[in-house]
Amino acid sequence: MDYVRYPTLAEYEAATVLYPAADIDLIEEVYGSSLTPSTLNAIGQAIGHREKHGSTLVSSIGRTTESGALPQAADYLLRLEGVRTVLVMGIVDGHLRLSAQSFDPGIDIGDVVERAFGSYGSAGGHPDRAGGRLPLGIFAESSKENVEIEEQLFKVVASRFFRTLNLNGNQ
């Protein structure tokens, strides 16, 4: 992220120590890796289908075969001006997948995701990154071609996430 997430002095010192041993060519290869068309489409979907309350943004990439597109979309959306916390959801292999990121020091995103969705599937993570995998149950098959069901899922998940963060639609 080119140090846009407010690195600490300790992180700069660690980078100074590690730099001489780093494989710069490998880092540039990983950092500059290309996106697949599916991932690019998912990020485009996330950009167009978002809801923001305060500095928190929730979005959906819809249905995809690439679960890796979720954290990439979350990372991209976290770059938006004024956004400090992001949750991106998508349907992958019959499950609702979640990817959340935050660099708000007042939010432990792993704890938030676990409180909001842990009773419905596996959910949780670290203070700055988290994820989840929730079964769709009877909606897995019926949502394949039903945009209305996907839209309802988005509304329910977004509402629960905002409510867990004590946000409402007036911010």
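Here is a friendly talk between a colleague and a modeller about this predicted model.

Modeller: Residues are numbered from 1 along each chain as its sequence is written, and side-chain values use heavy atoms, leaving out hydrogens and water. In this predicted model, local features need pLDDT of at least 70 and side-chain atom pairs count only at pLDDT 80 or more, while totals for chains, interfaces and linings use all residues.

Colleague: Thanks! Which residues have the most contacts inside the largest nonpolar core?

Modeller: A nonpolar core is a set of buried Ala, Val, Leu, Ile, Met, Phe, Trp, Tyr and Cys residues joined through side-chain atoms within 4.5 Å. Buried means under 20% relative accessible area, exposed over 50%, and partly exposed in between, with a 1.4 Å probe and protein chains only. The largest core has 26 residues, and those with the most contacts inside it are Phe 117 and Phe 161.

Colleague: Which element supplies the largest share of this core?

Modeller: Helices (H or I, at least four residues) and strands (E, at least two) are DSSP runs, numbered from the N terminus. S3, S4, helix H5 (109–117), strand S6 (129–135) and H7 each supply at least two residues of the largest core. Its largest share, seven residues, comes from H7.

Colleague: And how many residues does the other core have?

Modeller: This other core lies apart from the largest one. Among its members are Ala 42, Leu 70, Val 88 and Phe 103, and its size is 16 residues.

Colleague: Is Leu 96 buried or exposed?

Modeller: You can find Leu 96 in strand S4 (residues 95–102). Taking contact as heavy atoms within 4.5 Å, and leaving aside neighbours within four places in sequence, Leu 96 touches residues including Met 89, Ile 91, Leu 134 and Val 157. With a relative accessible area of 5%, Leu 96 is buried.

Colleague: What separates the C-alpha atoms of Leu 96 and Leu 134?

Modeller: Along the chain, Leu 96 and Leu 134 are 38 residues apart. In space, their C-alpha atoms are separated by 5.0 Å.

Colleague: Which residue in S3 stands opposite Leu 57?

Modeller: Two strands pair if DSSP finds at least two bridges between them. S2 and S3 run parallel, joined by six bridges, whereas strand S1 (residues 50–53) and S2 pair in the antiparallel sense over four bridges. On the S1 side, Lys 52 stands opposite Leu 57. In S3, the residue opposite Leu 57 is Val 86.

Colleague: How many residues of strand S2 are buried?

Modeller: Strand S2 spans residues 56–63 and is mostly covered. Of its eight residues, the number buried is seven.

Colleague: What is the phi of Asp 93?

Modeller: Most residues other than glycine have a negative phi. Asp 93 lies in the loop between strand S3 (85–92) and S4, and it is exposed, with a relative accessible area of 65%. Its phi is positive although it is not a glycine, with a value near 50°.

Colleague: Where does Asn 166 lie?

Modeller: Asn 166 also has a positive phi, about 60°, although it is not a glycine. At a relative accessible area of 70%, Asn 166 is exposed. Its place is the segment after helix H7 (147–164).

Colleague: Last one: what relative accessibility does Ile 27 have?

Modeller: Ile 27 is found in helix H2 (residues 24–31). It counts as partly exposed, because its relative accessibility is 46%.
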